Amino acid sequence: MASTHVYDQVKALLQAGMAGVPVFDWDQIDPSPPPQTQQGVNFLVLDEEWGDARKVAIGDPAHVCEREEAYLVVHCLVPAPQSSATARAFAEQVRAVLHDQNVANLRVMNVAPPALELMNDGLWTAALLSIEVQYDYFVAIP
């Protein structure tokens, strides 16, 4: 799981870069998509895979650098009857928004090419993007 800062920053990047496209948390669409998605518009779902943190620089005990690394997944959904090509094109737009971003000590290190995820009984076609991020922050050693 990613820290709150990392998750919120990635979500904010998506919301700013894909203006007008709803961005939901994974638990907002389980067990069914939220009502806002029933209007036949594309939407994004942010999900976390894992996160880890470790010290990367020791010096002043009151100011030690730690680095969090996290992997997140963005599910890019397009309504039926759109094809996988439409889902891929939508995911490529999202990928371009996230590519090489660096904001609030958060760096997007890699955004993998889109992978076809699902074709849900004629309701949605989805592509997913795997995102690798690093977040450097400073803490004091107690």
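Q: In this predicted model, which side chain is joined to that of Lys11 by a polar contact of 3.0 Å?
A: The model is predicted, and side-chain atom pairs count only at pLDDT 80 or more. The partner of Lys11 lies in strand β1, residues 23-25. The side chain joined to that of Lys11 at 3.0 Å is Asp25.

Q: Which other side chain makes a polar contact with the side chain of Asp25, and at what distance?
A: Leaving aside neighbours within four places in sequence, Asp25 is in contact with Tyr7, Lys11, Val45 and Leu46. Lys11 has a polar contact with the side chain of Asp25. The other side chain is that of Tyr7, and the distance is 2.6 Å.

Q: How many disulfides does a search of the whole structure find?
A: A disulfide needs a pair of cysteine sulfur atoms within 2.5 Å. Cys65 has 10% relative accessibility, and Cys76 has 0%. Both values are under 20%, so Cys65 and Cys76 count as buried. The number of disulfides found in the whole structure is zero.

Q: Which residue is linked with Asp52 and Arg54 in a network of salt bridges?
A: Asp52 forms a salt bridge with Arg54, with the closest N and O atoms 2.4 Å apart. Asp52 counts as partly exposed at 32% relative accessibility, and Arg54 is partly exposed as well, at 42%. The residue linked with Asp52 and Arg54 in the network is Glu69.

Q: Which strands does the salt bridge of Glu66 with Lys55 tie together?
A: The closest N and O atoms of Glu66 and Lys55 are 3.1 Å apart. Glu66 lies in residues 64-79 and Lys55 in residues 43-57, so the pair ties together parts that are 11 residues apart in sequence, namely strands β3 and β2.

Q: Is Glu66 buried or exposed?
A: Its salt-bridge partner Lys55 counts as partly exposed, at 45% relative accessibility. Glu66 has a relative accessible area of 12%. Buried means under 20%. Glu66 is therefore buried.

Q: How many residues apart are Asp136 and Arg107?
A: Asp136 forms a salt bridge with Arg107, the closest N and O atoms being 3.3 Å apart. The pair links distant parts of the chain, with Asp136 in strand β7 (residues 124-139) and Arg107 in strand β5 (residues 106-111). Asp136 counts as buried at 12% relative accessibility, whereas Arg107 counts as partly exposed at 21%. The separation of Asp136 and Arg107 is 29 residues.

Q: What is the count of salt bridges?
A: A salt bridge needs a side-chain nitrogen of Lys or Arg within 4 Å of a carboxyl oxygen of Asp or Glu. The pairs that meet this rule include Asp52 with Arg54, Glu66 with Lys55 and Asp136 with Arg107. The count comes to seven.

Q: Within what arc do the buried residues of α2 fall?
A: Helix α2 spans residues 84-98 and reaches 21 Å from its first C-alpha to its last, close to the 21 Å expected. Its buried residues are Ala87, Phe90, Ala91, Val94, Val97 and Leu98. Seen down the axis of α2, these residues line one face of the helix, because they fall within an arc of 105 degrees.

Q: Which helix is among the elements that cover the buried residues of α2?
A: The buried residues of α2 include Phe90 and Val94. What covers the buried residues includes the strands β2, β3, β5 and β7, together with helix α1.

Q: Which residue with a positive phi follows α2?
A: Helix α2 has 15 residues, 84-98. After α2 comes a residue with a phi near 55 degrees, Asp100.

How values were computed: Residues numbered from 1 in each chain as written. Predicted model: local features only at pLDDT ≥ 70, side-chain atom pairs only at ≥ 80, totals over all residues. Heavy atoms only, no water. Helix = DSSP H or I, 4+ residues; strand = E, 2+ residues; numbered from the N terminus. Polar contact = N/O pair within 3.5 Å; in protein donor to acceptor, adjacent residues only side chain to side chain. Contact = heavy atoms within 4.5 Å. Buried < 20%, exposed > 50% of the residue type's maximum accessible area, 1.4 Å probe, protein only. Expected span 1.5 Å × (residues − 1). Arc of directions from axis to C-beta.
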